[in-house]
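Open the model in a viewer and keep the sequence panel visible. The stops below are given in the order in which to select them.

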Amino acid sequence: MGSSSKCRIAIVTPTRGDRPLFTEQYHNIIKNQTVQPDEIIIVDYEPISTEKDLSTRYRKGIEEAVKRKCNVVFLWEDDDWYHPDYIKWMISEWEKQGKPDVLGVEETYYYHLKINKYVHIKHGGRSSAFCVLLKLPYKYSYPPDNCIWFDLHLFKQRAQKFLKTKTIKFNKKIYAIGIKHGTGITGGSGHKASSWYKKNGNAWLKENCSDNEIYNKISKQLPK
């Protein structure tokens, strides 16, 4: 594996092995990237409790990426969708922005497989963790291991001037979609099919996600 960029690229994926329906799709999405990562670091070890431990796994993955002498790391979820040009686009935007310590996308599209609806959220200067690139070595603080908001911690440091962060918006096409489905232990607020998913997503997913048929197939296998 290897990227066309001059920097060594790592993908860090925290997982507890509780989303088996998405395993094949996860690897296919990475394989289809037009710029390939140099390292794929899957942080999957036996959990010590039922408590959410996403921040712990991100930290361990980032530390491993530094050991492997990578220059940038993508925080990458095992169930979410990424456009084939996602890595290429993010690296290009990172370079345009002057290679900040943290680059994120300040808007998120979430699609819930169980109800076939989506929502578009504008974050106002921060990003969801699954759309974040970090410059390495990462020399700043981590949240407590039991913190469920790794992304909020990163962008809070910007306000305190501890690190340089930048956010960008999607341009003409959607490069990533957060896939919700209700299985597995997550970070953040979880996968509940809440009332804020208001827009019917069948046609929308087909238009914006090249793997829509695979996700539709997965949706039929999800537990009721």
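A residue counts as buried when its relative accessible area is under 20%, and as exposed when that area is over 50%. In this predicted model, buried residues make up 54% of the 224 residues in the chain.

**Whole chain.** Start with a cartoon of everything: the chain has 6 helices and 11 strands. Switch on a surface next; about 11100 Å² is exposed, and carbon and sulfur atoms supply 49% of that area. For a contact map, take pairs with a separation of 6 or more: 76% of these contacts join residues 24 or more positions apart.

**The five-stranded sheet.** Select E4, E10, E6, E7 and E11, which in that order form an open sheet with mixed pairing. Its edge strands are E4 (81-82) and E11, each of which pairs on one side only. Begin at the E4 edge, where E4 and E10 (residues 176-180) pair in the antiparallel sense over 2 bridges. Within this pair, Trp81 stands opposite Ile177 of E10.

**Ile177 and the cores.** Stay on Ile177 and show what surrounds it. Neighbours within four places in sequence aside, Ile177 is in contact with Asp80, Trp81, Tyr109, Tyr111, Phe130, Trp204, Leu205, Asn208 and Cys209. Ile177 also belongs to the largest nonpolar core, which has 44 residues. Ile177 is listed there with Phe74, Trp76, Tyr86, Ile87, Met90 and Tyr215 as the residues that touch the most other members. Colour helix H3 (residues 86-96) as well: the largest share of this core, 6 residues, comes from H3. A second, separate core has 21 residues, including Val43, Tyr58, Cys70 and Phe155.

**The other edge.** Now move to E11 (residues 199-200) and select Asn200, which lies in this strand. Is Asn200 buried or exposed? Asn200 is exposed, because its relative accessible area is 55% and the cut-off for exposed is over 50%.

Which residues does Asn200 touch, not counting those up to four places away in sequence? They are Asn116, Lys117 and Tyr118. Draw a C-alpha to C-alpha distance from Asn200 to Tyr118: the two are 82 residues apart in sequence and 6.6 Å apart in space.

For the last selection, add Asn202. Its backbone nitrogen lies 3.2 Å from a polar atom of the Asn200 side chain.

How values were computed. Residues numbered from 1 in each chain as written. Predicted model: local features only at pLDDT ≥ 70, side-chain atom pairs only at ≥ 80, totals over all residues. Heavy atoms only, no water. Helix = DSSP H or I, 4+ residues; strand = E, 2+ residues; numbered from the N terminus. Buried < 20%, exposed > 50% of the residue type's maximum accessible area, 1.4 Å probe, protein only. Contact = heavy atoms within 4.5 Å. Areas by Shrake-Rupley, 256 points an atom, 1.4 Å probe, with all protein chains shown as cover. Polar contact = N/O pair within 3.5 Å; in protein donor to acceptor, adjacent residues only side chain to side chain. Pairing = 2+ DSSP bridges. Core = buried A, V, L, I, M, F, W, Y, C linked by side-chain atoms within 4.5 Å.
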